[in-house]
Amino acid sequence: MDTPFTDKIESADVAKMPAEYQTLLKRVLAIQADCEIGGPHLYVRSILPDAPTKVDRLIVARTAAEEADHYRKVARLAGEVGEDVSALLSRPNRERYVNAFRGTITSWEDFAVFGFLIDRVGRYQLEEFIGCSYAPLERLLPDVINEELGHIDYGHTKTAEFAARGGRDKERIQGVIDAWYPKALDMFGNTGSRRSERYRHWGLKRRTNAQAREEYMREVDPLIRAMGLTVPDPTVGREFV
Amino acid sequence: MNARALDEHLEAMVLALHAAVNRAMPHVKDDPALVDQALRDCEEILEVILDGDVAGWLA
């Protein structure tokens, strides 16, 4: 890779930056906003009314509130650079940028694994921006990442509870892991993505898609095994490799 | 689209959601009516957010 851009850019400077920087910044903000509000669209209407306990229902509501707030914060940044992402609030799931957000979550097991696997990818996506060239984006990271850690921990705990019950519950949660794992890996994008290189060139991301995906697998695979579950074949069911 | 106005409107809705959750959580075992009302409030607020009628909010 050529020498990466290391300056820190504020919103007032963006208009002076090359067109490629502006395009990539607006794109990454739009995708991040889409993913933040895409989560609640997956589960609020289907899961919130029927979660197992009232505490679980309140936690689903709090999770959705935090994701909506993450959307708000990213949407504000996008607006500051002239990118209107308000339409993403009500975009149909099938039109979401990322495949993992294009369906619906209809079971409590899916909600648990979504937190365990997909919110964890969300944390990786946010960590890409640590030290990034767009200073306003870096400034919002600590609070947002901290809240995502709570979602991941809750999903991990619930997934482990299902696995620990054994029998059919364990089989069901294995099936849900098998379904979400390839979607999680795909969220990192194509290994040879040229756009990924340009993000890195402009200091908007730190790692290649493949590096981030490999780090994710090194983190999550042992957690799956520790629950007594099987790590799915990472080449099966993939859209991007 | 007025980005600042949307930001303020959304922030108010998020704060209302957190208030409902925080009001209910300590009373899960001793006040089911309060918890049920808070959950209904959460569902209603989230429905408004996910409907995303930004033009209507800011009119």
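This passage looks at confidence, aromatic pairs and charge–ring contacts in a predicted model.

For the complex as a whole, the predictor reports an ipTM of 0.97 together with a pTM of 0.96. Chain B has a mean pLDDT of 96, with 100% of its residues at 70 or more. Within chain B, helix α2 (residues 32–51) carries the highest confidence, at 98, while helix α3 (residues 54–58) of chain B has the lowest, at a mean of 93.

Turning to the rings, twelve aromatic pairs are counted over all chains. One of them joins Phe101(A) and Phe114(A), whose ring centres are 5.9 Å apart. The planes of these two rings stand at 85 degrees, which is over 60, so the pair is classed as edge-to-face. The contact links distant parts of the chain: Phe101(A) belongs to the loop between α2 (54–80) and α3 (108–127) of chain A, and Phe114(A) to helix α3 of chain A, with their positions 13 residues apart in sequence. Both partners are shielded by the protein: Phe101(A) is buried because its relative accessible area is 5%, under the 20% cut-off, and Phe114(A) is likewise buried, at 2%.

A second edge-to-face pair is formed by Tyr124(A) and Tyr216(A), with 5.6 Å from centre to centre and 80 degrees between the planes. Since Tyr124(A) sits in helix α3 of chain A and Tyr216(A) in helix α8 of chain A, the pair ties together parts that are 92 residues apart in sequence. Tyr124(A) is buried, with a relative accessible area of 4%, and Tyr216(A) also counts as buried, at 0% relative accessibility.

Helix α8 (residues 209–226) of chain A also contains Glu214(A). With a relative accessible area of 44%, Glu214(A) is partly exposed, because this value falls between the 20% and 50% limits. The C-alpha atoms of Glu214(A) and Thr3(A) are 24 Å apart in space, and the two residues are 211 apart in sequence.

Some of the rings belong to a wider group. Phe101(A) and Phe114(A) are members of one aromatic cluster that also takes in Tyr43(A), Trp108(A), Phe111(A), Tyr154(A) and Trp180(A).

Finally, charged side chains meet tyrosine rings at two places worth a look on screen. The charged end of Arg91(A) sits over the ring of Tyr97(A), 4.8 Å from the ring centre. Lys205(A), in turn, lies over the face of Tyr199(A), and here the distance to the ring centre is 4.6 Å.

Conventions. Residues are numbered from 1 along each chain as its sequence is written. Chains are lettered from A and ligands numbered from 1 in the order in which they are written. Side-chain values use heavy atoms; hydrogens and water are left out. pLDDT is the predictor's confidence in each residue, from 0 to 100. Helices (H or I, at least four residues) and strands (E, at least two) are DSSP runs, numbered from the N terminus. Buried means under 20% relative accessible area, exposed over 50%, partly exposed in between (1.4 Å probe, protein chains only). Rings of Phe, Tyr and Trp (its six-membered ring) pair if their centres lie within 6.5 Å; planes under 30 degrees apart count as stacked, over 60 as edge-to-face and the rest as tilted. A charge sits over a ring if NZ of Lys or CZ of Arg is within 6 Å of the ring centre and within 35 degrees of the ring normal.
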